[in-house]
Amino acid sequence: PRNRKEYWELSYTMSMQPTLREILELPVVRAGEPELVCDGPLDRPVRWVHVSDLADLSGLLTGGEVVLTTGQALTDPAHRDDYLPGLAHAGAVGVVIELGLHVDRIPDSVLEAGRALSLPVAVLHRRVRFVDVTEQVHRTIVADQYAEVAYGQRVHEAFTALSMRRASIEQILDAAAEMLDTPIVLEDLNRQVLA
């Protein structure tokens with residue numbers, strides 16, 4: 001990978017993390033009457049939800065985050081056009097801005113920057129408790145991570161038991177096929193079927 005964004009996409013492509021689309025559909029977010037104001041990929045996995053009003057989050061994000069903000073960074077005309085490009089460069093996969101506290105609308109120049117980046121940006125027309133959003137999303141993320149660890153443990157235990165029993169190749173393939181719920185074929189380097 002050449003940058004953090006590519007690293008994040010490579011690392012999390014196969015995970016069961018929630019997507020921005022799924023987050024925007026949560027009842028706690030729907031209560032804020034979300035509106036997508038900048039299009040972009042909504043189905044990339046979300047690794048974490050970060051809440052901040054800082055103008056520069058580049059040192060705090062590692063990629064794969066959705067940023068929740070009340071838009072304070074957009075109040076400074078000298079720096080607001082750098083806000084979304086900075087988030088995109090840091091690897092954010094989406095931004096949700098709550099209107100009302102600091103900004104009543106997103107400045108046109110900020111929207112143009114977001115559209116050029118293909119960074120999904122949603123605004124909330126009603127206030128929501130960000131803690132409720134982060135709790136719900138993080139609970140899902142942690143549950144998925146736990147499920148992956150538990151699955152890895154079950155696989156390890158099963159193959160350790162097979163090894164201790166000196167299982168045949170057929171028994172090992174049967175166990176793997178059962179775990180993966182798909183047929184498995186073992187071939188040699190000449191593509192000859194061994195089992």
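Which residue in β5 is the bridge partner of I97? The partner is V123, and this pair offers a way into the structure. The model is predicted, with a mean pLDDT of 86 for the protein chain. The points below cover the confidence of the model, its sheet, its nonpolar cores, the surroundings of R80 and the salt bridges.

**Confidence**

- Of the residues in the protein chain, 89% reach a pLDDT of 70 or more.
- Over residues 3–15, by contrast, the pLDDT is below 50. Beyond near neighbours in sequence, this stretch has 21 contacts in the model.

**The sheet**

- Five strands form an open sheet in the order β1-β5-β4-β3-β2. The pairing within this sheet is mixed.
- The edge positions are taken by β1 and β2, each of which has a single partner strand, so one side of each is left without a neighbour in the sheet.
- On average, neighbouring strands of the sheet are turned by 25 degrees against each other, direction ignored.
- Four bridges join β4 and β5, which pair in the parallel sense. The bridge between I97 and V123 of β5 was named at the outset.

**The nonpolar cores**

- The largest nonpolar core holds 23 residues, and the members that touch the most others in it are L84, L87, I97 and I106.
- Two or more residues of this core come from each of β1 (34–38), α4 (83–89), β4 (94–98), α5 (108–117) and β5 (121–124). The greatest contribution, four residues, is made by α4.
- Leaving aside residues up to four places away in sequence, I97 touches T69, T70, G71, L74, V103, I106, V121, A122, V123 and L124. V123, the bridge partner of I97, is thus found in this list of contacts.
- Another core, of 20 residues, lies apart from the largest one. Its members include I23, L26, F130 and I141.

**R80 and its surroundings**

- R80 belongs to the loop between β3 (65–69) and α4. Its relative accessible area is 22%, so R80 is partly exposed.
- When residues up to four places away in sequence are not counted, R80 touches A73, L74, P107, S109 and V110.
- One of these contacts, V110, is 30 residues from R80 in sequence, yet the C-alpha atoms of the two are 6.8 Å apart in space.
- L74 is in contact with R80 and also with I97.

**Salt bridges**

- Side chains of opposite charge can pair when their charged atoms come close. In this model the count comes to six salt bridges, and three of the pairs are described here, beginning with R47 and E65.
- The closest N and O atoms of R47 and E65 are 2.6 Å apart. R47 lies in the loop between β1 and β2 (48–51), while E65 is in strand β3, so this salt bridge ties together parts that are 18 residues apart in sequence.
- E65 counts as buried because its relative accessibility is 2%.
- D108 and R105 meet through their side chains in a salt bridge of 3.0 Å, N to O. With a relative accessibility of 47%, D108 counts as partly exposed.
- A salt bridge also links D132 and R129, whose closest N and O atoms are 3.0 Å apart. D132 counts as partly exposed at 26% relative accessibility, whereas R129 counts as exposed at 54%.

Note on methods: Residues are numbered from 1 along each chain as its sequence is written. This is a predicted model: local features need pLDDT of at least 70, side-chain atom pairs count only at pLDDT 80 or more; totals for chains, interfaces and linings use all residues. Side-chain values use heavy atoms; hydrogens and water are left out. A nonpolar core is a set of buried Ala, Val, Leu, Ile, Met, Phe, Trp, Tyr and Cys residues joined through side-chain atoms within 4.5 Å. Buried means under 20% relative accessible area, exposed over 50%, partly exposed in between (1.4 Å probe, protein chains only). Contact means heavy atoms within 4.5 Å. A salt bridge is a side-chain nitrogen of Lys or Arg within 4 Å of a carboxyl oxygen of Asp or Glu. Two strands pair if DSSP finds at least two bridges between them. Axes are lines fitted to C-alpha atoms, for helices over the stretch in contact, and angles run from 0 to 180 degrees between N-to-C directions. pLDDT is the predictor's confidence in each residue, from 0 to 100.
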